[in-house]
Amino acid sequence: MVDVDPGTGVVKVRRFVAVDDCGVRINPMIVEGQIHRGLADGLGMALMQAITFDADGNCLGGSFMDYLLPTSVECPSWELAETVTPCPHHPIGAKGVGESATVGSPAAVVNAVMDALRPLGVRHADMPLTPANVWSAIQGTPVRTDLA
């Protein structure tokens, strides 16, 4: 669940519910931490992170002043749930957990933003959904006009 300020393009994630199945959880606290990290990583990809280069191919995001990382200020209180389907190929039924939150969360955030922008007639906006990109999409001037 997101709020979008149509005057500034700022996106605020209000609620995020994630359900994960990593099989049998050996250490639930470690699993929860990995899911939190993955969700924050996906939030960063969706809303703030871009790698840009100049005309000579030099990376313009060479520090964390340019390449933003989400902090506790940008992240909501993640709401986690679980299902447990033991892996039949592992002796104790465990599966991997670190990647699932990272893969699904950018799409969830972008879909929530696009749902919020639908009443304004916005059909497309490119990641990262920075305030500038969201504002441009609201104004009818998205970054990629071929997809609008």
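**Group meeting talk: helix H3, the core and the largest pocket**

The residues of helix H3 that come out as buried are Asn133, Val134, Ser136, Ala137 and Ile138, and I start with them in what is, I should say at once, a predicted model. Those buried positions of H3 pack against S1, S2 and H2, with the helix itself running over residues 131-138. Just after H3 comes Gly140, a residue with a positive phi, near 85°.

Let me step back to the chain as a whole before returning to that end of it. The secondary structure amounts to three helices and four strands, and in sequence order these elements read β-β-β-α-β-α-α. The C-alpha trace extends over about 55 × 40 × 30 Å along its principal axes. Of the 148 residues in the chain, 36% are buried. If we take the contacts with a separation of 6 or more, 64% of them are between residues 24 or more positions apart.

Now to the core. The largest nonpolar core contains 29 residues, and within it Val4, Leu47 and Val113 have the most contacts. Two or more residues come from each of strand S1 (2-4), S2, helix H1 (28-47), helix H2 (100-117) and helix H3 (131-138). H1 provides the largest share of this core, with seven residues.

Val4 deserves a closer look, since I have just named it. Leaving out residues up to four places away in sequence, Val4 touches Val10, Val11, Val113, Ala116, Leu117, Val134 and Ile138. You will recognise Val134 and Ile138 from the buried residues of H3, while Val113 is another of the residues with the most contacts inside the core.

Which residues does Leu39, on helix H1, touch once those up to four places away in sequence are set aside? They are Phe16, Ala18, Trp78, Leu80, Ala101 and Ser105. Leu39 counts as buried because its relative accessibility is 3%, and the cut-off for that class is under 20%. From Leu39 to Ala137 there are 98 residues in sequence, and the distance between their C-alpha atoms is 25 Å.

The partner I would follow from there is Ser105, which has its place in helix H2. Ser105 is classed as buried, at 1% relative accessibility. Apart from its neighbours within four places in sequence, Ser105 is in contact with Phe16, Gly38, Leu39, Gly42 and Leu43, and Phe16 is also on the list for Leu39.

The loop between H2 and H3 brings us back towards our starting point. Pro128 lies in that loop, and the peptide bond leading into it from Met127 is cis, with omega near -5°. Arg123 is found in the loop between H2 and H3 as well. Is Arg123 buried or exposed? Arg123 is exposed, because its relative accessible area is 69% and the exposed class begins over 50%. Between Arg123 and Ile138, which stand 15 residues apart along the chain, the C-alpha separation is 9.5 Å.

Next, the largest pocket, which encloses about 200 Å³ of space. Its lining is made up of Val10, Val11, Lys12, Val13, Leu47, Met48, Leu68, Val73, Glu74, Leu129, Thr130 and Pro131. Sorted by class, that lining has nine nonpolar, one polar and two charged residues. Strand S2, residues 11-13, gives the largest share of the lining, namely three residues. Leu47, which we met among the core residues with the most contacts, is one of the lining residues here, and so are Val10 and Val11, both of which are touched by Val4.

I will finish with the cysteines. How many disulfides does a search of the whole structure find? The search finds zero disulfides. Cys22 takes part in no disulfide, and the nearest cysteine sulfur to its own, which belongs to Cys87, is 11 Å away. Cys22 is buried, with a relative accessible area of 2%. Cys75 is buried too, and its relative accessible area is 16%, which falls under the 20% cut-off.

Note on methods: Residues are numbered from 1 along each chain as its sequence is written. This is a predicted model: local features need pLDDT of at least 70, side-chain atom pairs count only at pLDDT 80 or more; totals for chains, interfaces and linings use all residues. Side-chain values use heavy atoms; hydrogens and water are left out. On a 1 Å grid over the protein atoms alone, a cavity is a set of points where a 1.4 Å probe fits but cannot get out, and a pocket is an open set with protein on both sides within 12 Å along at least five of seven lines; lining residues have an atom within 4 Å of a point. Grid points are joined across faces, edges and corners, and a volume is the space filled by probe spheres set on the points. Ala, Val, Leu, Ile, Met, Phe, Trp, Tyr, Cys and Pro count as nonpolar, Asp, Glu, Lys and Arg as charged, and the others, Gly among them, as polar. A nonpolar core is a set of buried Ala, Val, Leu, Ile, Met, Phe, Trp, Tyr and Cys residues joined through side-chain atoms within 4.5 Å. Buried means under 20% relative accessible area, exposed over 50%, partly exposed in between (1.4 Å probe, protein chains only). Contact means heavy atoms within 4.5 Å. A disulfide is a pair of cysteine sulfur atoms within 2.5 Å.
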